[in-house]
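Hi everyone, thanks for making time for this one. I'd like to walk you through a structure that may be new to you, so please have a look at the picture first.

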Amino acid sequence: MIDQEPDLVLGEVDNLSRATLDGVGIPLVEEPAMCAEGLDDPGFDDVYDQMETYGKVFDRPDEAAAANAALEQRVAELSTDDAGRRRTAAVLYPTVGGGVTYAYGTRSMAAPILEAAGFDNAFGDTDERVFEVTPEELIGRDPDVLILLYSAGDPAKVADAVTTLPGAQSISAVRDDNLMPLLFNYVEPPTPLALDGLEQIRERFGDAS
């Protein structure tokens with residue numbers, strides 16, 4: 001990597017640390033949302049901060065400001081101001097083929113996306129980014145909508161990983177076929193892709209009331 005003499009490295013790995021690169025004068029940028037400690041209160045402001053950061057890194061502050069203005073307008077257009085009854089939604093990461101199911105709480109970008117779409121996060125009382133959940137807890141929370149994140153493969157199998165859980169047919173989202181597989185990067189970390197994720201959720205489910 002050092003032999004390539006890059007002007008910038010994005011991301012950090014154990015065998016190519018910031019200290020190593022500093023020693024040869026190569027700067028490194030790591031996404032704040034991908035750091036081990038994560039973000040305390042993720043939101044669309046973190047998307048704007050990301051654009052501003054890269055505007056500074058690449059000496060394109062005007063372009064970054066213009067991009068942020070467009071992003072802010074898009075967030076406003078995509079966000080619902082519905083004050084009526086709000087459905088609940090949960091964002092999950094199922095394990096295809098059987099295994100652990102993960103849910104996303106208030107320290108994930110899933111929380112502001114659901115809020116902008118007009119949903120109450122079924123796990124909005126959990127001050128964690130991601131955590132394991134049991135079928136019993138999902139049944140107890142009974143979300144109206146399930147957003148199912150995945151990184152690769154067949155989205156139908158991602159849905160099957162939830163619908164085949166013991167007792168899943170008693171969950172409102174499963175019973176009413178309100179499940180939406182969505183590629184992981186449309187939710188995490190906070191980037192402009194989060195707006196695409198929000199748009200897809202709004203297109204699939206419309207107003208949440």
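**A walk through the chain**

Let me begin at one residue on the outside: D59 is exposed, with a relative accessible area of 57%. You can find D59 in the loop between α2, residues 44–57, and α3, residues 61–78. The phi angle of D59 is near 55 degrees, which is a positive value in a residue other than glycine. Please keep in mind as we go that this is a predicted model.

E5 can be described along the same lines. Phi of E5 is near 50 degrees, again a positive value in a residue other than glycine. E5 sits in the segment before β1, residues 9–10, and E5 is exposed, with a relative accessible area of 64%.

Now let's step back to the whole chain. How many helices and strands does the chain have? There are eight helices and eight strands. Taken along the principal axes, the C-alpha atoms fill a box of roughly 60 × 40 × 30 Å. The chain has 209 residues, and 41% of them count as buried. On the outside, the chain exposes about 11,000 Å², and carbon and sulfur atoms supply 48% of that area.

Two further values describe the chain as a whole. If we take the contacts between residues at least 6 apart in sequence, 65% of them join residues at least 24 apart. As for charge, the chain carries 14 positive and 41 negative charges, and the mean positions of the two sets are 6 Å apart.

Let's move inside, to helix α4, residues 110–117. Seven of its eight residues are buried, so helix α4 is largely enclosed by the rest of the structure. Which residues of α4 are the buried ones? They are A110, A111, P112, I113, L114, A116 and A117. Just after α4 comes G118, which takes a positive phi of about 95 degrees.

One of those α4 residues, P112, leads us to another glycine. Leaving out residues up to four places away in sequence, G43 touches M109, P112 and P190. G43 is found in the loop between β2, residues 28–29, and α2. Is G43 buried or exposed? At 11% relative accessibility, G43 counts as buried. For a sense of distance, the C-alpha atoms of G43 and A173 are separated by 25 Å, and these two residues are 130 apart along the chain.

Next, the aromatic rings. The count comes to four aromatic pairs, and I'll show you two of them. In one, Y93 and F184 form an edge-to-face pair, with 6.1 Å from centre to centre and 70 degrees between the planes. Why does this pair tie together parts that are 91 residues apart in sequence? Y93 lies in strand β3, residues 88–93, while F184 lies in the loop between β8, residues 179–183, and α8, residues 193–205, so the pair links those two parts. Y93 is partly exposed, with a relative accessible area of 24%, whereas F184 counts as buried at 17% relative accessibility.

The other pair I picked is F123 with F131. Their ring centres are 5.6 Å apart and their planes are at 65 degrees, so this pair is edge-to-face. Both F123 and F131 are buried.

While we are in the loop between β8 and α8, have a look at P189, which lies there. A cis peptide bond joins E188 and P189, with omega at about -10 degrees.

My last stop is S172, in helix α7, residues 172–175. S172 is buried, with a relative accessible area of 8%. What joins the side chains of S172 and R175? It is a polar contact of 3.2 Å. Not counting residues up to four places away in sequence, S172 touches D142, P143 and D144.

To pull this together, we met exposed D59, the largely enclosed helix α4, the pair of Y93 and F184, and buried S172. Thanks for listening, and do turn the picture around for yourselves!

Methods: Residues are numbered from 1 along each chain as its sequence is written. This is a predicted model: local features need pLDDT of at least 70, side-chain atom pairs count only at pLDDT 80 or more; totals for chains, interfaces and linings use all residues. Side-chain values use heavy atoms; hydrogens and water are left out. Rings of Phe, Tyr and Trp (its six-membered ring) pair if their centres lie within 6.5 Å; planes under 30 degrees apart count as stacked, over 60 as edge-to-face and the rest as tilted. Helices (H or I, at least four residues) and strands (E, at least two) are DSSP runs, numbered from the N terminus. Buried means under 20% relative accessible area, exposed over 50%, partly exposed in between (1.4 Å probe, protein chains only). Contact means heavy atoms within 4.5 Å. Accessible areas come from the Shrake-Rupley method with a 1.4 Å probe; for residues, only the protein chains shown count as cover. Lys and Arg count as positive and Asp and Glu as negative; His and the chain ends are not counted. The place of a charge is taken as NZ of Lys, CZ of Arg, CG of Asp or CD of Glu. A polar contact is a pair of N or O atoms within 3.5 Å; within protein, one must be able to donate a hydrogen and the other to accept it, and residues adjacent in sequence count only if both atoms are side-chain atoms.
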